[in-house]
Every structure is written in structure tokens, then in C-alpha cells.
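Visitor: I have a structure on screen and some questions about its ligand. Could you walk me through it?

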Amino acid sequence: MSAVLAETEWSSKTARPDVAVVLLGAGKVGGAFLQLLRTQAGANLRLVGVANSRRQQTRPEALAVRRLRERLDAAGEARDDKALLQALHASDAPRKVIIDATASCDLAACHPEWLARGCHVVTANKALAGGALPGWHALQAARTPGRLYGDSATVGAGLPAIATLRRLHACGDRIVRIEGVFSGSFSYLFNHYDGRQPFSTLLREACALGYTEPDPRADLSGEDVARKLLILARTAGFPLERTAVEVEGLVPASLRGVPRDEFLARLDELDAPLAARNASAMVHGRVLRYLARFEADGIARVGLAEVDATHPAAHLLGADNLFAFTSARYAQRPLVIQGAGAGPEVTAQALLGDVLALG
Ligand SMILES: NC(=O)c1ccc[n+]([C@@H]2O[C@H](COP(=O)([O-])OP(=O)(O)OC[C@H]3O[C@@H](n4cnc5c(N)ncnc54)[C@H](OP(=O)(O)O)[C@@H]3O)[C@@H](O)[C@H]2O)c1
């Protein structure tokens, strides 16, 4: 095969696609989604636009090249949401989808408007559904029959947590408790932390393995877990404000405002407080886990908890997530969902799965 063919191989398979796609975000998840588009599973989709925060691309011949993500900055056009929407509406595909694979609050705020303009929206970005309550209500108002809002990737990287809860709620089951480990980085850290090595050593390991954000304070603050708990509680029929969730972050006040490099150089300041928490858990025959918990009678908390050996979170492996739903009909034992809850490939698959659900 010639080099030119290899470069443009992608364009040949979608002469008359059913679904036109604009992809916002070409980072880890967006990059994995672009890879998926090149497989048979993406054969019915036509990419008509892609963007990162600085540049975008809408020219079909440029979108067809391999290494599109890498070339975006060098060969892309200036960022302009309007031009991306125009490219989408100019497509003759009967279904038009905007995929948000960013963490941008500004873009998330546009989701209701995009739905109102006739697009389907599929998102890994939880800033709207897990943000301030008026944003959640605006989203519910914009969710009309025939307009898909694909949110599977916002919680559990596509584990069927939201879909399950939505089904229970729609069937009239009364959700009593939502509990679990909703963060791959916290899961990895506390599945491995037993006090024999400093917490900071494990954290450095987790950073090197790509289990944390480049600035691990984004994970350690607990805010991301709080957003996921809000999405789940709201989906279950409890329209909670962020202020209703008590969040225990693991970053000491003295390290919150310092530059990232200084934070990374001072990680060992996390060690003593966590060693004390771990020693206390061990005295009680328990282990530490970073849990999210919502109780229908009002408790919503995200933070460290001591759990005993019978708790499902005590047996988690790797960076797995765990979601346990107790309801009127799942009253004796919770309905439990467990598995990889982070990672670009499973998250991109969740995005594609939502798009394919359009039929
Ligand atoms: N990584 C995971 O395992 C995982 C799992 C579940 C959910 N998620 C969620 O998925 C989303 C993406 O995560 P990621 O890991 O792929 O992050 P990432 O690697 O940091 O990529 C984010 C991308 O969004 C782009 N972006 C930011 N603002 C934008 C804007 N206004 N317009 C267009 N593009 C914009 C960034 O562009 P620049 O490169 O120009 O900054 C970058 O390409 C986040 O909401 C995250 O919480 C991630």
C-alpha cells in the first residue's frame, strides 16, 4: 500500500454515513475515539469536524488523514464553534451528533442549546450534569424525545451505572442509597496503600502510570467524585445542590495554592496524616477507602472511610470502580456494578456506544 493511501485510508469507508459527528476535545479520550472511528465499529459515522482548545479542522481531506490529532495544531484552522456547527448542519447525514470529550465548563453550558438546535449530544464532560443545579435543570428541559443526550461516559467511564440507575428510577423503584468508589485514581491509591510505603510513593507511581491528572490535586480534591455523586443522585430523582455534598479533600490547605511543581516536590507532606488514618483503620481491623455515599434521608458525602473486610470496596483490584445501589426492590443486598472505571479506551467506547444507540 502506498504511503498516500495509508494516509487517507480512513476516508474511503463512509460514502453515505448515517451519522455526522463533530468531536470537541482531542486529548486522551478524544484521541481514543478517533482510533475507534477507524475501526469497523465506526463505519457508519462520518467525522465532519474536530477541535482542541486552540485549533480545529473541518476540511474533509484533512479530517481523513491519520495522525489527525497530532496535526491539528500545525494544520488546523482558528477555533470557531459556529464553523463547527455549520459543518455539522451542512452534512446530509440524517443524524448529527456533537461529542464533548473536554472538561470545559463553557462547552458544557452549550449542551442544552445544541440539543435545542436539533443536534444529539454525547459527552464525557460532567461539568453541566454534575455542576450547579440550574445547569442540571436546563439540561432536563432540553432533553426532549428524539434528542439523545448520551452521558454514559460521565460516570464510571462507561460502566452502566447511570443507565442502571435511570432504569430503576423509571420503573418506580425507590433509591435508598448510592455508594461506591467512583474514581480510578483513588481506587488505585487505596487498593495499594497499607502503610508499608509512604502514600507519596504510591501517588508518584499512580502519576507515572497515568492514573491521575497531570496535577494530581484535581483528583485528590475529591471534587470530581462529588460531581459524579451529584449526577447519580440527580438521575435517581434527588436534585441535590453541590453544597449538599460534604467533600473531604486530601490536599492540605498549605499545598492548595502552590504551583504544580512545588506541590509535586512536597508530596511527602501528605504522608503523616494518611499514615495516622491508616493506623487507626488497622487498629479496628479495617482498611481505608475513598468512598462516595448518598442516602435518601439526606447524607451526601465524599471522603475517606474505614471499611471492614465484608465491604465490597475492600476487595477492589487495580483502578476499578464500584457502584452499589440499594433500593426498595434491591433492599437485602445492593445491586453492584464493578469494573474499569477510567481509561481513554473504555471511555471512548462509552461515547461510541451512546452514538450507536441512535440506531
Ligand atoms: N481520561 C479518562 O480516563 C477519562 C475517563 C472518564 C471521563 N473522562 C472525561 O473526559 C474528558 C476528557 O478527558 P481527557 O482525559 O481526554 O482529557 P485531556 O487529555 O486533558 O483532553 C482534553 C481535551 O479537551 C480539549 N479542550 C479543552 N477546551 C476545549 C474547547 N473549548 N474546545 C475544544 N477542545 C477543548 C483540550 O485541548 P488542548 O489540548 O488544546 O488543551 C484537549 O484536547 C474530561 O471531561 C474527563 O473528565 C476522562
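Guide: One term to begin with: a polar contact is a pair of N or O atoms within 3.5 Å. Keep in mind that this is a predicted model.

Visitor: Which atom of the ligand does a polar side-chain atom of Arg79 lie 2.9 Å from?

Guide: The cut-off for a polar contact is 3.5 Å. Arg79 brings a polar side-chain atom to 2.9 Å. Its partner in the ligand is a nitrogen atom.

Visitor: How far is an oxygen atom of the ligand from an N or O atom in the side chain of Lys126?

Guide: Two lysines approach ligand oxygen. Lys28 does so with a backbone N or O atom, at 2.9 Å. Lys126 uses an N or O atom of its side chain, and the distance is 3.0 Å.

Visitor: How much of the ligand does the protein bury?

Guide: Start from the ligand taken alone, which exposes 900 Å². Of that area, the protein buries 74%.

Visitor: Which elements give two or more residues to the shell around the ligand?

Guide: The ligand occupies the largest pocket. Around it stand 23 residues, with Val29, Ser53, Arg54, Thr102 and Gly343 the closest. Two or more shell residues come from each of these elements: helix H2 (28-37) and helix H17 (344-356).

Visitor: How many residues of the shell are charged?

Guide: Sort the shell by class. Ten residues are nonpolar and nine are polar. The charged ones number four.

Visitor: What radius of gyration does the protein have?

Guide: The protein has 17 helices and 13 strands. Its C-alpha atoms fill a box of roughly 65 × 50 × 35 Å along the principal axes. A compact globule of 359 residues would come near 21 Å, and the protein agrees, with a radius of gyration of 21 Å.

How values were computed. Residues numbered from 1 in each chain as written. Predicted model: local features only at pLDDT ≥ 70, side-chain atom pairs only at ≥ 80, totals over all residues. Heavy atoms only, no water. Near = heavy atom within 4 Å. Polar contact = N/O pair within 3.5 Å; in protein donor to acceptor, adjacent residues only side chain to side chain. Areas by Shrake-Rupley, 256 points an atom, 1.4 Å probe, with all protein chains shown as cover. 1 Å grid on protein atoms, 1.4 Å probe; cavity = no way out; pocket = protein on both sides within 12 Å on 5 of 7 lines; lining within 4 Å. Sits in = over half its atoms within 2 Å of the grid points. Helix = DSSP H or I, 4+ residues; strand = E, 2+ residues; numbered from the N terminus. Nonpolar A, V, L, I, M, F, W, Y, C, P; charged D, E, K, R; others polar. Rg over C-alpha atoms; globule rule 2.2 N^0.38 Å.
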